[in-house]
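Biologist: I'm new to this one, so could you walk me slowly through one small part of it?

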Amino acid sequence: MEVPTTGRTLNSIWTRTFTLLAALLLAALLLYKLAGIDAALSLFAGGVLILYLRDKRYLHALWKWVQSDQTSKLPPATGAWELLLAMLYKQHRRNQKQNDALTEALMRFQRAAQALPDGVITLNRDNQILWFNAHAGEHCGLQYSADVGQYITNLLRTPDFLAYLSQSDWETPIVIRLRTDRVQDRILSLQLVGYGDDQKLLLSRDITNIEKLETVRRDFVANVSHELKTPLTVLSGFLETIRELKLPAKQQEHYLSLMSEQAERMERLVSDLLTLSALESNNHPAEEPVNMSALIEQIEQTARQLSAGQHDIRFEIEPGLNLIGAETELTSALTNLVTNAIRYTPADGKVGVSWKLVHVNDELTAQFSVSDSGIGIPAQHIPRLTERFYRVDRGRSRESGGTGLGLAIVKHVMTRHQGRLEIESTVGVGSRFTAIFPSRRVVKNALSSLEQTMPKDQYAA
Ligand code: ADP
């Protein structure tokens with residue numbers, strides 16, 4: 001049925017009611033003429049009773065509908081009631097649509113706020129929490145059911161935050177360290193933004209990792225400065241001595257050789273720093289076939305030169321076993337492992353190098369393994385050896401020309417080649433460093449030689 005506008009509906013309701021009453025009255029008058037007053041009154045009273053019962057029934061049905069969740073249609077009706085209920089239903093539908101649109105808009109807003117990478121907490125004028133998104137909950141250790149309605153000052157009690165909250169200018173975010181029974185240890189950047197009627201948004205960002213990186217960066221700069229300062233002080237001291245004192249030629253020669261040692265040390269350090277920085281700035285290593293036999297041969301020459309015949313050095317290389325990767329990076333990493341073995345193994349010690357295919361839990365890997373019978377490394381130091389400038393024995397490292405960056409370079413190169421470095425060591429017995437490359441880096445033709453029997457390591461630590 002088509003529903004007229006509200007004004008017209010009211011007129012129609014009155015018209016229908018009057019028409020019905022008028023028709024009843026007319027019928028009663030007619031009956032009065034034909035059958036007398038008793039019959040007419042009975043008809044009128046009967047009609048009014050029927051109308052009363054009908055209205056009562058519709059009213060009851062309407063009452064029940066109002067009490068319900070109002071999802072069902074209004075009950076069908078006749079006469080003026082039909083119009084009245086249709087009008088009510090139309091109005092109800094209009095409200096419902098507006099409600100749905102508002103709910104949808106609110107949901108969209110909440111979904112957008114949830115998707116923000118930052119935490120968002122809305123606060124009222126008394127600093128009570130009205131709402132917060134999941135990130136804010138995680139950052140500040142809030143639980144929705146328990147903490148909505150709570151004062152933010154009860155939950156974030158650090159003095160810096162309380163002072164920030166009480167000031168009027170929130171332009172610059174503050175950094176706080178949060179440690180509560182719900183948050184382990186987190187560094188947060190917090191900023192308040194005022195809006196609406198004295199309400200506030202509290203934006204939170206977890207900067208724990210950024211702060212950690214910043215600490216690493218600061219330590220690194222301090223370490224580099226310290227590492228460079230020592231040889232520079234020695235150099236400038238000697239320079240001054242040579243300039244100011246007339247030294248005999250032999251002594252001058254001695255000083256010059258000490259100076260060139262320090263200059264070499266600085267050169268090695270700068271060169272390792274440049275290597276590290278190149279590894280950190282390049283996203284992907286070159287993907288070129290690397291002739292490993294030639295590369296390892298070159299490493300062997302370097303090793304023999306460094307050892308100057310003081311060690312028993314043996315190389316066992318599987319021919320044709322090559323890699324896909326960056327040749328310069330691989331040379332740098334593998335040379336570091338071999339030269340370390342020589343530097344940390346006393347004269348007459350043994351150094352063994354092997355390059356072969358090895359099955360690890362059903363995975364085929366290519367392994368470059370360096371074993372030595374050197375000084376070994378106490379277990380507690382092993383997990384930290386690949387940190388930049390980490391040394392077990394600072395004096396020994398310096399004495400043998402170490403920069404403290406070698407294993408950091410190895411770790412970087414291995415990660416960039418999706419490989420890993422394994423370290424086993426026993427103090428006073430020796431160490432074994434193994435660079436393990438995944439099968440997808442191994443050149444195909446070498447894979448066919450998998451079934452060849454592998455010679456056993458002679459110098460396993
Ligand atoms: P460094 O230039 O000091 O050798 P590295 O990063 O190459 O720096 O190695 C870090 C530390 O690991 C060294 O200072 C040394 O204490 C220890 N280390 C490395 N290789 C060996 C090894 N083969 N035997 C014993 N200690 C080693």
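Which helix does leucine 41 lie in?

Modeller: Leucine 41 lies in helix H2; helices here are DSSP runs of H or I with at least four residues, strands are E runs of at least two, and both are numbered from the N terminus. Before we zoom in: this is a predicted model, where local features need pLDDT of at least 70 and side-chain atom pairs need 80 or more, while totals for chains, interfaces and linings use all residues. Residues are numbered from 1 along each chain as its sequence is written, and side-chain values use heavy atoms, leaving out hydrogens and water.

Leucine 41 is exposed, as its relative accessible area is 52% (exposed is over 50%, buried under 20%, partly exposed in between, with a 1.4 Å probe and protein chains only). It has company: Leu26, Leu29, Tyr32, Ile37 and Leu41 make up a nonpolar patch on the surface, sharing about 520 Å² of accessible area. That area comes from the Shrake-Rupley method with a 1.4 Å probe, counting only the protein chains shown as cover for residues. Patch members have over 30% relative accessible area and no salt bridge; nonpolar side chains (Val, Leu, Ile, Met, Phe, Trp, Tyr) are joined within 5 Å, like charges within 9 Å. A salt bridge, in turn, puts a side-chain nitrogen of Lys or Arg within 4 Å of a carboxyl oxygen of Asp or Glu, and the model has 24 of those.

Where does the patch sit? Helix H1 (6-35) and helix H2 (37-67) each give it at least two residues, and H1 supplies the largest share, three residues.
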